[in-house]
Amino acid sequence: MNEKMNIAVVYGSARQGRFCDTVVNWVLTELWAESGLRVILIDPLQLKRPADEAAINVAMLEEKIAEADAFVVVTPEYNHGYPAALKELIDSCYEPWHAKPVGFISYGGVSGGLRAVEQLRQVFAELHTVTIRDTVTFSNVWAQFDAAGNPFKAAEAKASLLVMLRRLKWWARALKAARAENAYGGVAA
């Protein structure tokens with residue numbers, strides 16, 4: 001399989017002034033440096049319907065999720081959990097998530113968003129995904145990036161990202177081949 005792999009980067013926050021943009025921009029810079037990847041952005045703020053700012057455009061979301069081979073979820077931790085906007089996005093469709101890998105980049109206070117990730121692992125298991133054990137975590141995130149949005153410990157952050165990304169790509173290739181050979185929805189029918 002030499003075709004480009006579609007990696008969807010999922011924004012976990014929809015708050016105004018969100019720090020998620022800083023973390024995602026760093027991730028995008030690193031992903032664009034990788035060859036053989038096509039990046040798809042899934043941002044809850046961009047998925048709102050023009051006529052109804054409260055509802056996600058499910059058709060657009062399903063299309064993006066279906067086209068992705070793998071996902072990188074960038075999530076903050078709000079009150080020991082993940083944000084409501086991310087839960088709404090995840091729950092808005094079901095089958096397009098099936099048999100695809102999910103990696104996590106989390107950020108927050110002392111825990112670096114790890115409590116949110118542990119909760120997300122349970123949710124994604126119900127969607128028949130494979131979650132990657134290795135994560136990228138930024139504790140006390142506001143002190144981890146400079147004014148230009150670059151991590152102060154860039155080499156350390158990139159090393160963690162590359163481990164997660166290598167495992168994510170391995171699973172994406174394996175699961176894409178398996179889905180092509182035998183549709184996932186039919187294995188339990």
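Hi everyone, let's start with Val74. If we leave aside its neighbours within four places in sequence, Val74 is in contact with Val9, Val10, Tyr11, Gly12, Cys20, Val23, Val24, Val27, Ile105 and Tyr107. Please keep in mind that what we have here is a predicted model.

So where does Val74 sit in the bigger picture? Val74 belongs to the largest nonpolar core, which has 28 residues. Together with Val23, Ile105 and Phe138, Val74 touches the most other members of that core. Two of those, Val23 and Ile105, you just heard in the contact list of Val74.

Which elements build this core? Those giving two or more residues are strand S1 (5–11), helix H1 (20–33), strand S3 (70–76), strand S4 (101–107), strand S6 (136–138) and helix H5 (154–181). Helix H1 provides the largest share, with 7 residues. There is also another core, lying apart from this one, and it has 25 residues, including Ile65, Tyr82, Cys93 and Phe124. As general background, nonpolar side chains tend to be buried together in soluble globular proteins.

Phe124 takes us nicely to the next stop, a pair of helices. Helix H3, residues 84–91, packs against helix H4, residues 114–126, at an angle of about 15°, and their axes are 11 Å apart. Angles under 35 degrees count as roughly parallel, so H3 is described as roughly parallel to H4. For those of you who like handedness, H3 passes H4 in a right-handed crossing.

Which residues make the contact? On the H3 side we have Leu86, Lys87 and Ile90, and on the H4 side Leu120, Val123 and Phe124. Sorted by type, the residues of this contact come out as 5 nonpolar, no polar and 1 charged.

Finally, a word on the backbone, with two residues for anyone who likes to check torsions. His80 has a positive phi of about 65°, although it is not a glycine. You will find His80 in the loop between S3 and H3. Is His80 buried, partly exposed or exposed? With a relative accessible area of 48%, His80 is partly exposed.

The other residue is Asn140, also not a glycine, with a positive phi of about 45°. Asn140 lies in the loop between S6 and H5. Its relative accessibility is 40%, so Asn140 counts as partly exposed.

That's my tour, from Val74 in the core to the loops. Thanks for listening, and I'm happy to pull up any of these residues on the screen.

Methods:
Residues are numbered from 1 along each chain as its sequence is written. This is a predicted model: local features need pLDDT of at least 70, side-chain atom pairs count only at pLDDT 80 or more; totals for chains, interfaces and linings use all residues. Side-chain values use heavy atoms; hydrogens and water are left out. Axes are lines fitted to C-alpha atoms, for helices over the stretch in contact, and angles run from 0 to 180 degrees between N-to-C directions. Helices (H or I, at least four residues) and strands (E, at least two) are DSSP runs, numbered from the N terminus. Angles under 35 degrees count as roughly parallel, over 145 as roughly antiparallel, 65 to 115 as roughly perpendicular and the rest as oblique. A crossing is left-handed if the near helix is turned anticlockwise from the far one by less than a right angle, and right-handed if clockwise. Contact means heavy atoms within 4.5 Å. Ala, Val, Leu, Ile, Met, Phe, Trp, Tyr, Cys and Pro count as nonpolar, Asp, Glu, Lys and Arg as charged, and the others, Gly among them, as polar. A nonpolar core is a set of buried Ala, Val, Leu, Ile, Met, Phe, Trp, Tyr and Cys residues joined through side-chain atoms within 4.5 Å. Buried means under 20% relative accessible area, exposed over 50%, partly exposed in between (1.4 Å probe, protein chains only).
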